Amino acid sequence: MKEITIALAGNPNSGKTTVFNNLTGSRQHVGNWPGVTVEKKEGRCTFKGHRIRVVDLPGVYSLTAYSLDEVVARDYVVDERPDVVVDVVDASNLERNLYLAIQFLEMGANLVIALNMMDVAQARGYQINVEELSHLLGSPVVPMVAARNQGTNALLETVVSVATGETRVQGINIQYGHDVEAEIAKLEQLISTNSLAQQYSPRWLAVKLLEEDKEIIEKIKRV
Amino acid sequence: MDSAEIINAKDKSLEHLRTIHGDDAETLIADARYGFISGLVKDILKKPATERVTATDRIDQLMLNRWLGIPLFLLILYGVFQFTFVVSTPLIDLINSGLGWLAERVPGIASGWLGSLLADGIIGGVGAVLSFIPVIFLLYVALSILEDTGYLARAAFVMDRLMHRIGLHGRSFVTLILGFGCSVPAIMSSRTIENPKDRLVTILVTPLMSCGARLPVYALLAAAFFTAFQGLVVFSMYAIGIIMAILLAWLFRSRLVPGESGHFVMELPPYRLPTITGVLAHVWERGWAFLSRAGTIIFCAVIVIWLLDYFNVLENIGRAIAPIFSTAGFGQWQPTVALIFGVLAKETVVGAFGTLFAGAEGVGGFGSVIGAELGWTPLVAFAFMVMILLYIPCVATLSTIKRETGSWKWTFFTIVYTLALGWIVATLIYQVGSLLL
């Protein structure tokens, strides 16, 4: 059976490192991302006969081209196409954490949301409708308390189910408003005949172009 | 489709969107994402009723107000200096009378060169610096309270818009505010700024923020020359520092290292009541550096100054350089010497004045002697304070700049530009002031 690759993403302070440790235990390997001095951690585990490789992405709030960490995280997901992207989300700080999650969904990543720190959210009296969240995002959501190693098995179960195609990630389609959408449509059409469109979703490229994403503009110029 | 055509079409689209919305597409897209999230969260998250309008929200409605935010920030800053001065003045007087008592005992213990070293050098110089402990510690108390309550994050937030105009962002302002305490940790805090150009410019202008070590110099001169307006004069030093930092950041960012600046989320942590232990720990962290400097670098500097003075060399050194500063009104050898030694640590300026003037009218009272001995008017004192604010940062700051930029070039650049800036602004103030007054 083929090894499953998970990219582990999340905001700084979302408990991502704890989730990584829970998943991989001591089987970790620390190195650098190629060409840059950003630390890269990898680990392995097995779950119900599946061999799983976990790649820890840098902790980021967003996926723009403004910082090295963000570029590293984004390039890995876009270029290496991990089977599943697990985004660790702090349940007590949903608004901010979801900004990263929806950018992964916009990219068309196979996203699973690890809804961490459920205990903190509960202690604050937050009631989170996990099912509805999963439905609205079109992506599985696994509630967890990583600090107490709760939810790790459920997360692995979901990851395997997404990787094997049993569960499908629908994703979202954010509407950027009438005017922006009109320009996206124009650009999408031009891009669809470009060779880059085989590698990236044309809509995503169009959005990135409008965001004046330096990296993507360079990529298009190089074609 | 070929790449050039796609890029062309993109530029046209951006142009089009800019004309319709007045905002760039990036902002529109980010707004759409945030809109999506707030809509989503409203559907799936129920917060307890008490939290729906939190105290934080209510305070922020005022603090982050578009029009009131910056005036409130300045008002709070002004309040900090008023508090610092009103509370510290009686304490400083107390320490000074203690030092005066000590100095009177010196002739009974030692005479000749040793007596002079003890009275003028140690008690006059180091004692003068130590007498400002209350003002420094109280400033640190006020700054720690602002930081621990979460207000400093708001100050950065309200400045974010302005900072974007000059090509930086709010996080640079956090570094600048930390510079009120000490430039060294402030410059190190710039590591959180992701964009390398933003970070470099922030590092270059941070020394212009008035640090705690400069406060004793202001306190000494303000008490001597501006009795009624001490708080206001000192506040104006801080304001000039902020204005210069912003002005030069804009200049450097547009001329020296042009290019896009980074964007990121400005965090707004909830307001908290500061704990006494937390504040004290912060004050101690910052204050300890001041105390240990007084015992080491300033102690040594004061002894060197005393030695050079005792052997009549100091005056010649000062006189050789002093004419440079005559355009700013303080072209005498004593302030020149103070400026030279001030590069070691800014408090040394007080120590130097203490050593040079202590004999004239006992310890503590020497502030008032400066005016008579040097023939300074309040205008000259003000120009000199501005020079202290802007000229070459202390050696500890310079070595931090070297370490963080990894470049001698930028370190020397800082020395040259700050010296030129201090001289120009002090000269302008003195010349224009002389015409007006």
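Is Asn312(B) buried or exposed, and how many C-beta neighbours does Asn312(B) have inside 10 Å? Asn312(B) counts as exposed, because just 8 C-beta neighbours fall inside 10 Å. Keep in mind that this is a predicted model.

## How confident is the model?

Start with the scores: ipTM is 0.93 and pTM is 0.61. Chain B has an average pLDDT of 85, with 93% of the residues at 70 or above. As a general caution, predicted coordinates should not be read in detail where pLDDT is low.

## Two asparagines with positive phi

Back to Asn312(B), which sits in the loop between α15 (297-310) and α16 (314-321) of chain B. Its phi is positive, about 60 degrees, even though Asn312(B) is not a glycine. For context, most residues other than glycine have a negative phi.

Chain A has a case to put beside it. Asn13(A) lies in the loop between β1 (4-10) and α1 (16-24) of chain A, and its phi is near 70 degrees, again positive in a non-glycine residue. Asn13(A) counts as exposed because it has 12 C-beta neighbours inside 10 Å, and the cut-off for exposed is 12 or fewer.

## Either side of the Asn13(A) loop

Before the loop comes β1(A), a mostly covered strand with six of its seven residues buried. β1(A) runs parallel to β4 (residues 50-56) of chain A, joined to it by five bridges. Five bridges also link β1(A) to β5 (residues 84-90) of chain A, again in parallel. Leu8(A) shows both pairings: it stands opposite Asp56(A) in β4(A), and its bridge partner in β5(A) is Val86(A).

After the loop comes α1(A), whose buried residues are Lys16(A), Val19(A), Phe20(A), Asn22(A), Leu23(A) and Thr24(A). Just past that helix, Gly25(A) takes a positive phi of about 60 degrees.

## Inside chain B

Chain B is a helical affair, with 22 helices and one strand. Of its 437 residues, 44% count as buried. Take the chain B contacts between residues at least 6 apart in sequence: 76% of them join residues at least 24 apart.

The largest nonpolar core has 119 residues, and those touching the most other members are Leu221(B), Ala245(B), Phe353(B), Ala383(B), Met385(B) and Met387(B). Helix α13 (residues 230-256) of chain B gives this core its largest share, 12 residues. Zoom in on Ala383(B): beyond its neighbours within four places in sequence, its contacts are Ala328(B), Gly329(B), Phe330(B), Ala426(B), Ile429(B) and Tyr430(B). There is also a second, separate core of 56 residues, which includes Ile4(A), Leu23(A), Val72(A) and Ala163(A).

## Where the chains meet

The contact between the chains draws 36 residues from chain B and 40 residues from chain A. On the chain B side, α1 (3-21), α2 (25-44) and β1 (45-46) each supply at least two residues. The largest share of that side comes from α2(B), with 13 residues. Sorted by class, the chain B side has 20 nonpolar, eight polar and eight charged residues.

The backbone takes part as well. Strand β7 (residues 127-128) of chain A and β1(B) run antiparallel, joined by two bridges. In one of these pairings, Gln127(A) has Lys46(B) as its bridge partner.

Terms used
Residues numbered from 1 in each chain as written. Chains lettered and ligands numbered in written order. Predicted model: local features only at pLDDT ≥ 70, side-chain atom pairs only at ≥ 80, totals over all residues. Contact = placed C-beta atoms within 7 Å. Helix = DSSP H or I, 4+ residues; strand = E, 2+ residues; numbered from the N terminus. Nonpolar A, V, L, I, M, F, W, Y, C, P; charged D, E, K, R; others polar. Pairing = 2+ DSSP bridges. Buried ≥ 20, exposed ≤ 12 C-beta atoms within 10 Å, placed from the backbone. Core = buried A, V, L, I, M, F, W, Y, C linked by C-beta atoms within 7 Å. pLDDT = per-residue confidence, 0-100.
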